[in-house]
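Subject: Handover of a structure

Dear colleague,

I am passing the structure below to you for your consideration. A summary of what was found in it follows.

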Amino acid sequence: MPPSTLPSAIVASSDRIELMKTFVQIVEAGSLSAAAAQMRTTQPTVSRRLQALERLLGVRLLRRSTHAMKLTEDGERCVERARELIESWQAFESDLRGDDEEPEGMLRVVAPHAFGQQLLVGPLAAYIRRHPRVSVEWLLHDRRPDFIAEGVDCAIQVGEVNDLGVVAIKLSEVPRIVVAAPSVLEGLPAPTHARELAALPWLALRTFYRTEILLSHARSGESCRVALRPRLSTDSLYALRSAAVMGMGVCVGSTWLLAEELAQGRLIQLAPEWQAAALPVYLTYPQARLQPPKLKRFIEAMRFEWPT
């Protein structure tokens, strides 16, 4: 059906989506001029679209002065809803066109600090090279995101997922072992049973263990709960590793993060037949019937290019 004969309601809906795209672009770019440059149009055009959306909605979305731009309360509410509607529209279009559509737009991903700085950079780079029309905001923090309020498309989460409002795809499991610098033993015999570890100085990773850690024997399945009084507690895997290398105490950490230090002798594995339970790693995203291509392709990249 030619555009001139399309029902007016559909054309109007499409025009409104474009106005909302412009509004979101202004907010993300930080100014009308920056948004115009990114959209390859003129500032007056962007300004007219913003004014048209404000007239359509009957509210003021932005307060502008010579040197600043700020969202109004209505604008704060509108920008998040606009992102949802744009994503839904793009997913609808993608569903009609099939799987051959080239992904485009901004993808916002939250990942834990250590994973996002080291382990996942390779798969992320491959995804960006494969899809040049996609830009990625790679947000690194360990708290669970508010997908809607923060405009986040998906997140990498370590540990079990209890939120029934998200889809969780298991990507991998992270083995964890007990390590320390050689100096921590100070001439003592190397511990072979988990209970012998309690007498040593400890470091705690607050995200997963604080005052005790449950270890299991790899062959027999025997479990041992080790009580500990940590000399240092942290929420950073990198800080935990650095403190261990400096001889501050024993810690339980991910094997991928400790591999180089173990290989070079800066750390040694203690009670090697005893390990903490492996941590599951999930990719999570909000429940939705349709997914935009940029999210579909990212999920595929993480599933098939996860580092081993």
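A residue is called buried here if its relative accessible area is under 20%, and exposed if that area is over 50%. By this criterion both F115 and W306 are buried, and they are a convenient place to begin. Please bear in mind throughout that the model is predicted.

Aromatic residues

The structure holds four aromatic pairs. In one of them, F115 and W256 meet edge-to-face, with 5.3 Å from centre to centre and 65° between the planes. F115 belongs to helix α5 (residues 113-119) and W256 to helix α9 (residues 255-263), so this pair ties together parts that are 141 residues apart in sequence. Both F115 and W256 are buried.

F115 also pairs with W306, and here the arrangement is tilted: the centres are 6.2 Å apart and the planes are at 40°. Because W306 lies in the segment after α10 (293-304) while F115 is in helix α5, the pair connects parts separated by 191 residues in sequence. Together, F115, W256 and W306 make up one aromatic cluster.

Salt bridges

Side chains of opposite charge can pair when their charged atoms come close. The structure holds 15 salt bridges. One of them joins R108 and E137, whose closest N and O atoms are 3.7 Å apart. R108 is in strand β3 (residues 105-111) and E137 in strand β4 (residues 134-140), so the pair ties together parts that lie 29 residues apart in sequence. R108 is buried, at a relative accessible area of 6%, whereas E137 is partly exposed, at 28%. R108 and E137 also belong to a network of salt bridges that includes E28, E80 and R83.

Two further salt bridges may be noted. R143 and E150 meet through their side chains with an N to O distance of 3.0 Å. R143 is partly exposed at 48% relative accessibility, and E150 is partly exposed at 28%.

The side chains of E273 and R219 form another salt bridge, at 3.1 Å from N to O. This pair links distant parts of the chain, 54 residues apart: E273 is in the loop between β12 (268-269) and β13 (274-286), and R219 is in the loop between β8 (212-217) and β9 (223-227). E273 is partly exposed, with a relative accessible area of 33%, while R219 is exposed, at 67%.

A buried aspartate and a buried histidine

D153 is located in the loop between α7 (147-150) and β5 (154-158). Which side chain of opposite charge is nearest to D153, and how far away is it? It is K294, at a distance of 4.3 Å. A salt bridge requires a side-chain nitrogen of Lys or Arg within 4 Å of a carboxyl oxygen of Asp or Glu, so a distance of 4.3 Å does not qualify. D153 is therefore buried yet without a salt bridge.

D153 does have a polar partner in the backbone: a polar atom of the D153 side chain lies 2.7 Å from the backbone nitrogen of R108. Leaving aside residues up to four places away in sequence, D153 touches E87, M106, L107, R108, F147, Y285, P286, K294 and L295. R108 thus appears in this list of contacts as well as in the salt bridge with E137.

H131 is placed in the loop between α6 (121-130) and β4. H131 is buried, with a relative accessible area of 7%. The side chain of H131 makes a polar contact of 3.5 Å with the side chain of E102. Apart from residues up to four places away in sequence, H131 touches E102, P103 and R297.

Confidence in the model

The mean pLDDT of the chain is 87, and 92% of its residues reach 70 or more. Among the elements of the chain, β12 has the highest mean pLDDT (97) and helix α1 (residues 8-29) the lowest (73). Over residues 1-11 the pLDDT is below 50, and beyond near neighbours in sequence this stretch has four contacts in the model. Where pLDDT is low, the predicted coordinates should not be read in detail.

Yours sincerely

Terms used:
Residues are numbered from 1 along each chain as its sequence is written. This is a predicted model: local features need pLDDT of at least 70, side-chain atom pairs count only at pLDDT 80 or more; totals for chains, interfaces and linings use all residues. Side-chain values use heavy atoms; hydrogens and water are left out. Helices (H or I, at least four residues) and strands (E, at least two) are DSSP runs, numbered from the N terminus. Buried means under 20% relative accessible area, exposed over 50%, partly exposed in between (1.4 Å probe, protein chains only). Lys and Arg count as positive and Asp and Glu as negative; His and the chain ends are not counted. A polar contact is a pair of N or O atoms within 3.5 Å; within protein, one must be able to donate a hydrogen and the other to accept it, and residues adjacent in sequence count only if both atoms are side-chain atoms. Contact means heavy atoms within 4.5 Å. pLDDT is the predictor's confidence in each residue, from 0 to 100. Rings of Phe, Tyr and Trp (its six-membered ring) pair if their centres lie within 6.5 Å; planes under 30 degrees apart count as stacked, over 60 as edge-to-face and the rest as tilted.
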